Amino acid sequence: MREIIFDTETTGFDPKSGDRMVEIGCIEMVNRVLTGRTYHAYFNPERLMPAEAEAVHGLSDAFLADKPLFSACAQDFLDFIQDSPMVAHNAAFDFNFINAELALCGLPAVSRDRMVDTVALAKVRHPGAKLSLDALCTRYGIDRSHRTKHGALLDSELLAQVYVELRGGRQIGLELAAELTEIVTEIKVLNTKNRIFRQPRPHAASEAELVAHAAFLESVDTPLWGS
């Protein structure tokens with residue numbers, strides 16, 4: 001199964017108030033294993049970066065000034081994600097910004113039916129615990145020492161590890177093995193149902209065969225079994 005783990009960085013909290021997406025990072029996973037394929041881009045938001053937002057991700061007006069508009073990269077982004085499920089931490093936030101940017105380009109929204117929210121998964125698995133990405137990394141022993149500020153691709157890499165743990169961690173191999181066992185069992189059952197019944201063949205030698213065998217043994221000179 002192909003899944004996209006992703007994260008965004010923005011100018012603020014609400015695209016309806018004019019906030020824009022300035023970075024997106026996507027990582028491809030197949031059967032919960034990283035394939036090495038990624039999509040990463042920065043965008044010029046066509047507005048000034050609030051100091052509060054810059055303090056979070058470090059993306060300044062000067063850095064973003066020569067970056068492309070989202071509209072110039074929209075098709076590349078859509079080609080990468082295809083129709084795969086989209087996994088994010090507090091996914092509704094990221095979906096709001098992606099779909100707002102797509103709307104500005106006159107493109108259809110990404111369906112929320114594809115949305116997988118790791119915050120929701122963590123609430124079920126660890127009720128009452130802290131659910132931030134940092135807290136989950138600490139819980140699962142995931143090294144984030146190289147993370148000094150938020151970054152879409154870096155956070156996606158950390159989230160991919162968290163997501164695997166939330167889905168069962170190392171047990172994923174056992175789950176796949178169980179699925180394979182079920183498939184093999186089904187095949188065996190089908191083969192049994194389709195098997196043609198045949199009468200069992202006799203295995204004992206006939207009287208004539210026994211006489212012929214005794215005669216053969218008598219004809220052998222100095223047999224080993226007679227010494």
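I count two strands as paired if DSSP finds at least two bridges between them. The model I am reading is predicted.

**Entry 1: the first hairpins**

I started with strand S1 (residues 2-10) and S2 (residues 21-30). The two pair in the antiparallel sense, with nine bridges. I looked up one position of that pairing and found Thr10 opposite Met21 in S2.

Next I followed S2 to its other partner, strand S3 (residues 33-42). S2 and S3 run antiparallel and are joined by seven bridges. Which residue of S3 is the bridge partner of Cys26? I found Tyr39 there. The hairpin of S2 and S3 has two residues between the strands, and Asn31 takes a positive phi near 55° in it.

I then checked how covered S2 is. Nine of the 10 residues in S2 are buried, so I noted the strand as mostly covered, with buried taken as under 20% relative accessible area.

**Entry 2: the whole sheet**

In what order do the strands of the open sheet lie? I read S3-S2-S1-S4-S5, five strands with mixed pairing. S3 and strand S5 (115-117) are the edge strands, each pairing on one side only. On average, neighbouring strands of this sheet are turned by 25° against each other, direction ignored.

For the parallel part I looked at strand S4 (residues 86-88). S4 pairs with S5 in the parallel sense over three bridges, and Val87 has Val116 in S5 as its bridge partner. Helix H5 (residues 118-125) packs on the sheet and touches S4 and S5, its direction making about 45° with that of S5. I also looked at helix H4 (residues 91-104), which lies across S1, S2, S4 and S5 and runs at about 80° to S1.

**Entry 3: helix H7**

I checked the length of helix H7 (residues 152-166). Its 15 residues reach 20 Å from the first C-alpha to the last, close to the 21 Å expected at 1.5 Å a residue. Is H7 mostly covered or mostly exposed? I noted it as mostly covered, with 12 of its 15 residues buried. The buried residues of H7 include Leu154, Leu158, Val162 and Leu166. I kept in mind that an α-helix has 3.6 residues a turn, so residues three or four places apart point the same way. Polar names also appear among the buried residues of H7, including Asp155 and Ser156. Just after H7, Gly168 takes a positive phi of about 125°.

**Entry 4: aromatic pairs**

I searched the whole structure for aromatic pairs and got seven. One of them is Tyr42 with Phe63, edge-to-face at 4.9 Å centre to centre and 90° between the planes. Tyr42 belongs to strand S3 and Phe63 to helix H2 (residues 61-64), so this pair ties together parts that are 21 residues apart in sequence. Both rings belong to partly exposed residues: Tyr42 has a relative accessible area of 25%, and Phe63 has 34%. I also found a cluster in which ring pairs link Tyr39, Phe43, Phe70, Phe77 and Phe80. Tyr39 was already in my notes as the bridge partner of Cys26.

**Entry 5: totals**

I closed with the protein as a whole. I counted nine helices and five strands, in the order β-β-β-α-α-α-β-α-β-α-α-α-α-α from the N terminus on. Of the 227 residues, 37% count as buried. The protein exposes about 14100 Å², and carbon and sulfur atoms supply 57% of that. Among contacts with a separation of 6 or more, 64% come from residues 24 or more positions apart.

Terms used. Residues numbered from 1 in each chain as written. Predicted model: local features only at pLDDT ≥ 70, side-chain atom pairs only at ≥ 80, totals over all residues. Heavy atoms only, no water. Buried < 20%, exposed > 50% of the residue type's maximum accessible area, 1.4 Å probe, protein only. Helix = DSSP H or I, 4+ residues; strand = E, 2+ residues; numbered from the N terminus. Expected span 1.5 Å × (residues − 1). Axes fitted to C-alpha atoms, helices over the stretch in contact; angles between N-to-C directions. Contact = heavy atoms within 4.5 Å. Areas by Shrake-Rupley, 256 points an atom, 1.4 Å probe, with all protein chains shown as cover. Phe/Tyr/Trp six-rings, centres within 6.5 Å; stacked < 30°, edge-to-face > 60°.
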